[in-house]
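Student: I am new to this structure and would like a close look at a single part of it. Could you take me slowly through one sheet and what surrounds it?

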Amino acid sequence: MRIARHLISAALLTTVAAAAFAPAAFAQAPAVLPPAQNAQPPAVPVSPPGGAPRSFADLTSRLSPAVVNVSTTQKVEIGKMRGGQPGSPLEELFRRFQEQQGDAGEPVTREATSLGSGFIIDPSGYIVTNNHVISAGEGRDTPVESITVTLSDRREFKARIIGRDALTDMAVLKIDAADLPYVKFGNSAGVRVGDWAIAIGNPFGLGGTVTAGIVSALHRNIGSGQYDRYIQTDASINQGNSGGPLFDLDGNVIGINTAIFSPTGGNVGLGFSIPAELARPIVEQLKATGTVKRGYLGVAIQPLSSDIAAGLGLPKDRGEIVASVEANGPASRAGIKQGDVIVRINNQDVTFDNTLSFVVANTPIGSTIPIDLIREGQRRSIRATIVQRPSENIVQARAGLAPDAADDDSSGAKSPASEAAKASLGITLQPLTPVLRQQLRLPDTVTGVVIAGISPSSDAATKGLQRGDVILKIGQKPVTTPAEAADAVAAERKAGKDTVLMLVQRGVTPARYTGVKLIPAK
């Protein structure tokens, strides 16, 4: 462009000089260009349909300062590599790699980083993001080691976690700052399919990216958890957008961008946001106390699929079937039984979009509510009192499948005997209690120890063992406690065996034998 401007100026100077020495009769008028195609505005101004703005620029400039980049740092373990065949060209390579891991065979760790988004909800520095953005581990149950928040003006702050809720995938952070720009939650209950939506975030680390689209569906259940109730949008959401806000045209946050459906990992027009009606009360609790209290009924439920509905002679997608009832829980005290189909609760129909879990979780603790259910083809009405949901460890322990069981010493999940079994076999054991027997639907004749947790890299996992399996015998010796199991494994190791024979039962299926390799003693 600079070269072009110079050429134009030079041409103008040459024309003026020539005119000074040439007779006036030979002067020529400059060529007249035809008008440009876009020189005239349209006779009728073009307006977007439905009163939508001609541009999102003013809205974006107002909202973008409240959207932040959330980056995390954590140490990850580099998996151990198996050595090559003796004499093969790879044997030396594997030997050198093992030397890097040290004499004890400890794996090498590397520092890993991840990027996400968030938004400021308070000028004193409270920030909302997704729990998975600031969590590590396969189950996303461990906080990352370091969190850095970068503002739109490129200022960086170290953040600390105020609270997080894995069940709804939300977290609240805090940075030490003041007078920050912030945004407020809107009313997502009033959002309609077809409304405009604007997403602001940091996809692939590209800060301050703005995309627009419409709300393409509501109350979407994508199978990611028991409280699924997403807003679906075609506003482009990609990796790195997680935790960022979804705005309406008034600039209010109507959702928290959380997930996408994609065969490639990139956006294909199917993005999902946690609605503000669900997020706001969770955020308020996390900000105030760091934890979340929600209602609890004490039942395990399944959707009423077409085959289950057909077997019961009921319409599908209306109600949920009770798979099990917690002993002495609120549902049990109210008279709910296994096999009941709950069709209405607290004056709300139970559907695929309005699940029992969602209704119960948002019911005030201590409330006594009506429940309509179908039992043996007959509709019945009962009343149940909602209690506070226990911690997830306790909930899972009551279901019989918790790696850390309950806060009950009788579980055996962290006993020395259980730790010994974990060190030898890669599995965590707990006693077969009456609650576990009921949840696992085992007859009274079955005795043994229950697998409460299993290492994915263990030979036991390779052989197909899983949480909830019951070990009846080890080395042909019956075992009924984790201590007996640990003693049996120790006896097999002392006998010079590197594999132990176990008789394992899963549910009501016949027991089967399997051989599991022992983990070498350190």
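Tutor: Two strands are said to pair if DSSP finds at least two bridges between them, and the strands themselves (E, at least two residues), like the helices (H or I, at least four residues), are DSSP runs numbered from the N terminus. The model is a predicted one, in which local features need pLDDT of at least 70 and side-chain atom pairs count only at pLDDT 80 or more, while totals for chains, interfaces and linings use all residues. Residues are numbered from 1 along each chain as its sequence is written, and side-chain values use heavy atoms, with hydrogens and water left out.

The part to look at is a closed barrel of six strands, which runs in the order 10-11-12-15-14-13 with antiparallel pairing. From one strand to the next the twist averages 45 degrees, where angles run from 0 to 180 degrees between N-to-C directions and axes are lines fitted to C-alpha atoms, for helices over the stretch in contact.

Strand 12, residues 230-233, is a good place to begin, and one may ask which of its residues are buried, that is, under 20% relative accessible area with a 1.4 Å probe and protein chains only (exposed is over 50%, partly exposed in between). Y230 and Q232 on one side, and I231 and T233 on the other, are all buried, so that both faces of strand 12 are covered. In a regular strand the side chains alternate between the two faces of the sheet.

Strand 12 has a neighbour on either hand in the barrel order. With strand 11, residues 209-220, strand 12 pairs in the antiparallel sense over three bridges, and within this pairing Y230 is the bridge partner of R220. With strand 15, strand 12 again pairs in the antiparallel sense over three bridges, and here Q232 has F272 as its bridge partner.

Further along the barrel order come strand 14 and strand 13. Strand 13, residues 245-247, and strand 14, residues 253-260, pair in the antiparallel sense over three bridges, with P245 standing opposite I256 in strand 14. Helix 4, residues 276-289, packs on the sheet and touches both strand 14 and strand 15 (271-275), a contact being heavy atoms within 4.5 Å. The direction of helix 4 makes about 50 degrees with that of strand 15.
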